[in-house]
Amino acid sequence: MTSRPVTRVRGVFYGTFYRLPSRWRRRLVRLGSQKYIVGAVVLVRDADADPGTPGRLVLLRQPPGYGWSLPAGLLKRRERPVVGAARELFEESGVRVSPDDLVPLTPNAVVHANGRWVDVVFEARVPCDVEFVVDGGEVYEAAWYRLDALPPLTPPTARLLAHYGIGPYADYPEVRRGD
């Protein structure tokens, strides 16, 4: 019995909504929709690593400098994640790779604990003699680190790397779930 009044109210709501100009409908939908922050992250691996070794990863020390992190940043409006990943890698480390050379990792998108932040993650392989260029403002330092001898990582970086079996939380699946 109570479904009829609810159905009428919904009918009036949708009838009114669809009579609005499309520009207003889009604005109303944006106001009532979940908002996400989307970032792109690149795991840069040593292309010259021997198959039997743990390999190396590029890490950045950024302000305030308490831990090391991965090359990453927010996507620009309507920017493809792979393009944003290549752009951020170049801006933060001076390493230039084509978006076509970035490989999506599995999982490719990592949703963080609050549900409002999503990282799209890619991998790049570059020679170990690549020259790093950092600006000293956004990034203090870029360096190669062996996967079995990582420096202190920022907590978000440690949790993200755990999704790929790397770093101090690699053996703790509850950390990945609690991300």
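The following exercises, each with a worked solution, concern a predicted model of a protein.

**Exercise 1. Describe the secondary structure of the protein and its overall dimensions.**

Begin with the count of elements: the secondary structure comes to five helices and seven strands. Next, place them in order along the sequence, where the pattern reads α-α-β-β-β-β-α-β-β-β-α-α. Then turn to the dimensions, for which the C-alpha trace spans about 70 × 35 × 30 Å along its principal axes. The radius of gyration is 21 Å, whereas a compact globule of 179 residues would have a value near 16 Å. Finally, consider burial and surface: 36% of the 179 residues count as buried, and the protein exposes about 11,200 Å², of which carbon and sulfur atoms supply 55%. As for the contacts between residues at least 6 apart in sequence, 61% of them join residues at least 24 apart.

**Exercise 2. Identify the residues with the most contacts inside the largest nonpolar core, and state which elements each supply at least two residues of this core.**

The largest nonpolar core has 18 residues, and those with the most contacts inside it are Leu43, Leu70 and Val121. At least two residues each come from β1 (37-46), β2 (56-61), β5 (103-111), β7 (141-146) and α4 (155-162). Helix α4 gives the most to this core, with three residues. Apart from this core lies another, of 17 residues, among them Val42, Val95, Leu102 and Val120. As background, nonpolar side chains in soluble globular proteins tend to be buried together.

To look at one member of the largest core more closely, take Leu43 and leave aside its neighbours within four places in sequence; its contacts then include Leu57, Leu70, Leu105 and Val121. The contacts of Leu43 also include Phe122, Glu123, Ala124, Leu161 and Ile166.

**Exercise 3. For helix α3, compare the span with the expected value, then list the buried residues and name elements that cover them.**

Helix α3 runs over residues 81-93, which makes 13 residues, and reaches 18 Å from its first C-alpha to its last, close to the 18 Å expected at 1.5 Å a residue. The buried residues of this helix are Val82, Gly84, Ala85, Ala86, Arg87, Glu88, Leu89, Glu92 and Ser93. What covers these buried residues of α3 includes β1, β2, β4 (72-74) and β6 (117-126). Just after the helix, Gly94 takes a positive phi of about 80 degrees.

**Exercise 4. Classify the aromatic pairs that a search of the whole structure finds, and state the burial of Trp68, Phe132 and Trp144.**

The search finds two aromatic pairs. In one of them, the rings of Trp68 and Tyr145 have their centres 5.0 Å apart and their planes at 65 degrees; planes over 60 degrees apart count as edge-to-face, and therefore the pair is edge-to-face. Trp68 lies in strand β3 (residues 68-69) and Tyr145 in strand β7, 77 residues apart, so that the pair links distant parts of the chain. Trp68 counts as buried, at 7% relative accessibility.

Phe132 and Trp144 also form a pair, with 6.1 Å centre to centre and 50 degrees between the planes, and this pair is tilted. Phe132 is in the loop between β6 and β7, while Trp144 is in strand β7, twelve residues apart. Applying the 20% cut-off for burial, Phe132 at 22% relative accessibility counts as partly exposed, whereas Trp144, with a relative accessible area of 15%, is buried.

**Exercise 5. Locate the cis peptide bonds at Pro64 and Pro107, and describe the backbone and exposure of Arg78.**

A cis peptide bond joins Pro63 and Pro64, with omega about 5 degrees, and Pro64 lies in the loop between β2 and β3. The bond from Thr106 to Pro107 is also cis, with omega near 5 degrees, and Pro107 is found in strand β5. Arg78, a residue other than glycine, has a positive phi near 65 degrees. Arg78 is found in the loop between β4 and α3, and with a relative accessible area of 76% it is exposed.

**Exercise 6. Describe the surroundings of Phe17 and its separation from Pro63.**

Phe17 belongs to helix α1 (residues 3-17) and is buried, with a relative accessible area of 14%. Leaving aside its neighbours within four places in sequence, Phe17 is in contact with Arg25, Leu28 and Val29. Phe17 and Pro63 are 46 residues apart in sequence, and their C-alpha atoms are 47 Å apart in space.

Conventions
Residues are numbered from 1 along each chain as its sequence is written. Side-chain values use heavy atoms; hydrogens and water are left out. A nonpolar core is a set of buried Ala, Val, Leu, Ile, Met, Phe, Trp, Tyr and Cys residues joined through side-chain atoms within 4.5 Å. Buried means under 20% relative accessible area, exposed over 50%, partly exposed in between (1.4 Å probe, protein chains only). Helices (H or I, at least four residues) and strands (E, at least two) are DSSP runs, numbered from the N terminus. Contact means heavy atoms within 4.5 Å. The expected span of a helix is 1.5 Å times one less than its number of residues. The radius of gyration is taken over C-alpha atoms; the globule rule is 2.2 Å times the number of residues to the power 0.38. Accessible areas come from the Shrake-Rupley method with a 1.4 Å probe; for residues, only the protein chains shown count as cover. Rings of Phe, Tyr and Trp (its six-membered ring) pair if their centres lie within 6.5 Å; planes under 30 degrees apart count as stacked, over 60 as edge-to-face and the rest as tilted.
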